[in-house]
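User: I'm new to reading protein models and I'd like a close look at one spot in this one. Could you start there and then walk me outward to whatever lies around it and beyond?

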Amino acid sequence: MRSYRMSAAQIITTEAVIEGEIAVHDGKIVAVGEPDNAFSHLPLIEYSSSDLVMPGFIDTHIHGSCGCDVMDAEIESLKVISESLYRQGVTGFLATTMTQTEAAITKAVSNVACFNKEYRHVPRLADILGIHLEGPFISPDKTGAQNPCFLQDASVEKLENWQHQASHLIKKLTIAPEIKGANDIIHWCKAYGVIASIGHTNCTAKQALGAIDRGCSQATHLFNAMSGIDHRNPGAAIALLMSQDVVAELIVDGVHLAPEIVDMVYRIKGAHGILLVTDAMSAQAHGEGVFKLGGQKVIVKNNEARLENGVLAGSVLTMNNALKNMLKYSHCSLMDLVKMTSFNAAKSLSIEGEKADVKIGMDADLVVMDKHFQIKQVYKATP
């Protein structure tokens, strides 16, 4: 449905909580708040007095869902992932790769490009807004669940080839600032409008600050797989936490970060400085069992995904639960949640004028949730 009216108790924007209706015409929001007689002819969809309407979530760090992985490099896998995410309220995401061979990464990014030609803007599929390369240019000291066998020297030539194979869909890259050639990668990212995100790094705070000065603007899963807080030898986490030029990914599943740390980050960086992500792998929405991530065995049990050696291997988190946990841990506002689940991601991708808010003229990418933040319905603007 491209034209309709929707009534809800609470319409959450980046600036306010509004009661009333949303009118949508040809996939665009044309009215918000008091019913507009100009659109009274549109069919009305009524929701409960306790329901909430927010912009569709944008997840900029997710590897897979429902048994499938971006690194499968198969069209059908991406379709399964996109369908699964849409049901979870995600209307756009960055397909995230793993540290693997040059050939495997090439195949994966080429597959994303092929998928987007055929399935972009298809109803009931979350749109792939780009690709996030997580590795292979990372530190051997902070690989986390990335396979150390496939670490590669930082190479602009490789990166340019992947960007070509991806039809210029690479929008974000995780880099360890201390590795040889990292500066060249950061400069390339800045020149071509790709987000350079500091992560999987053992760098010092000074090295991280230097990378920020050169153009790094995000932190990949802050605190996880990076040098941390040491009062005499501060690591990357200190610089990323304190810099107002950095937006930090947080995996708020109650496993990757203690609630007190989440609250601390919110108090220091504020809603404008946080991106809620899932870093979910193929087990998301698929139950417990044995899975693979980057060619490595992952055991999922009690809502935790771990390698055989016990290292966390992504998550099984969904965005609505990340939102629910963030509210519980930090007592932030509902407007702040819009920023952290949608708007900040859209801004980093330079599409905040089109998506991620409930305002006149914006795409009608919307998620309806009950008072417990369970998904009731998802809407996406399609041409």
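Analyst:
**Starting from one cysteine**

Cys189 has a relative accessibility of 1%, so it counts as buried, the cut-off being under 20%. Keep in mind that this is a predicted model.

Does a cysteine like this have a partner? For Cys189, the closest cysteine sulfur belongs to Cys216, and at 7.6 Å that is too far for a bond. The cut-off for a disulfide is 2.5 Å. Now try Cys114, which is partly exposed at 45% relative accessible area. Its closest cysteine sulfur sits in Cys68, 17 Å away, again too far for a bond. Search the whole structure and the disulfide count is zero.

Next, look at the open space in the model. The largest pocket holds about 430 Å³. It is lined by 21 residues, and those closest to its centre are Ser217, Gln218, Val247, Lys347 and Ser348. Helix 4 (182–191), strand 12 (195–198) and helix 9 are the elements that each give two or more residues to this lining. Which element gives the most? That's helix 9, with five residues.

Two of those central pocket residues lead us straight into a sheet. Gln218 is part of strand 13 (residues 218–219), while Val247 is part of strand 14 (residues 247–250), and these two strands pair in the parallel sense over two bridges. If you want a place to see the pairing, find Ala219, which stands opposite Ala248 in strand 14. In general, strands of a sheet pair through backbone hydrogen bonds, either parallel or antiparallel.

Zoom out and strands 13 and 14 turn out to belong to an open sheet of eight strands, in the order 6-9-10-11-12-13-14-15, with parallel pairing. Strand 12, which we met in the pocket lining, is in there too. At the edges you'll find strand 6 (57–62) and strand 15 (274–276); each has a single partner strand, so one side of each is left without a neighbour in the sheet.

There's another sheet to set beside that one. It is open and has three strands in the order 16-17-18, but here the pairing is antiparallel. Strand 16 (289–293) and strand 18 (304–307) take the edges, each with a single partner, so each has one side without a neighbour in the sheet. From one strand to the next, the twist averages 35 degrees. Strand 16 pairs with strand 17 (residues 296–301) over five bridges, and in that pairing Phe291 has Val298 of strand 17 as its bridge partner.

Stay at strand 18 for a moment and switch to side chains. Glu304 and Arg306 meet in a salt bridge, 2.8 Å from N to O. Are they buried or exposed? Neither, quite: Arg306 is partly exposed at 29%, and Glu304 is partly exposed at 26%. Side chains of opposite charge can pair when their charged atoms come close.

The structure holds 14 salt bridges. In one of them, Lys28 meets Asp363, with the closest N and O atoms 2.6 Å apart. Why is this pair worth finding in the viewer? Lys28 lies in strand 3 (residues 28–33) and Asp363 in the loop between helix 9 (334–348) and strand 19 (366–369), so the pair ties together parts that are 335 residues apart in sequence. Lys28 is partly exposed at 36%, whereas Asp363 counts as buried at 11%. The pair also belongs to a network of salt bridges that links Lys28, Lys355, Asp363 and Asp365.

You can see a similar mix of settings in the salt bridge between Asp127 and Arg120, at 3.9 Å from N to O. Asp127 is buried, with a relative accessible area of 2%, and Arg120 is partly exposed at 31%.

Last stop: closed spaces. There are two cavities of 30 Å³ or more, and the largest has a volume of about 40 Å³. Its lining includes Arg5, Glu21, Ala31, Gly33 and Phe39. Strand 2 (17–25) and strand 3 are the elements that give two or more residues to that lining. Strand 3 should ring a bell, as Lys28 lies in it.

Definitions and conventions:
Residues are numbered from 1 along each chain as its sequence is written. This is a predicted model: local features need pLDDT of at least 70, side-chain atom pairs count only at pLDDT 80 or more; totals for chains, interfaces and linings use all residues. Side-chain values use heavy atoms; hydrogens and water are left out. Two strands pair if DSSP finds at least two bridges between them. Helices (H or I, at least four residues) and strands (E, at least two) are DSSP runs, numbered from the N terminus. A salt bridge is a side-chain nitrogen of Lys or Arg within 4 Å of a carboxyl oxygen of Asp or Glu. Buried means under 20% relative accessible area, exposed over 50%, partly exposed in between (1.4 Å probe, protein chains only). Axes are lines fitted to C-alpha atoms, for helices over the stretch in contact, and angles run from 0 to 180 degrees between N-to-C directions. On a 1 Å grid over the protein atoms alone, a cavity is a set of points where a 1.4 Å probe fits but cannot get out, and a pocket is an open set with protein on both sides within 12 Å along at least five of seven lines; lining residues have an atom within 4 Å of a point. Grid points are joined across faces, edges and corners, and a volume is the space filled by probe spheres set on the points.
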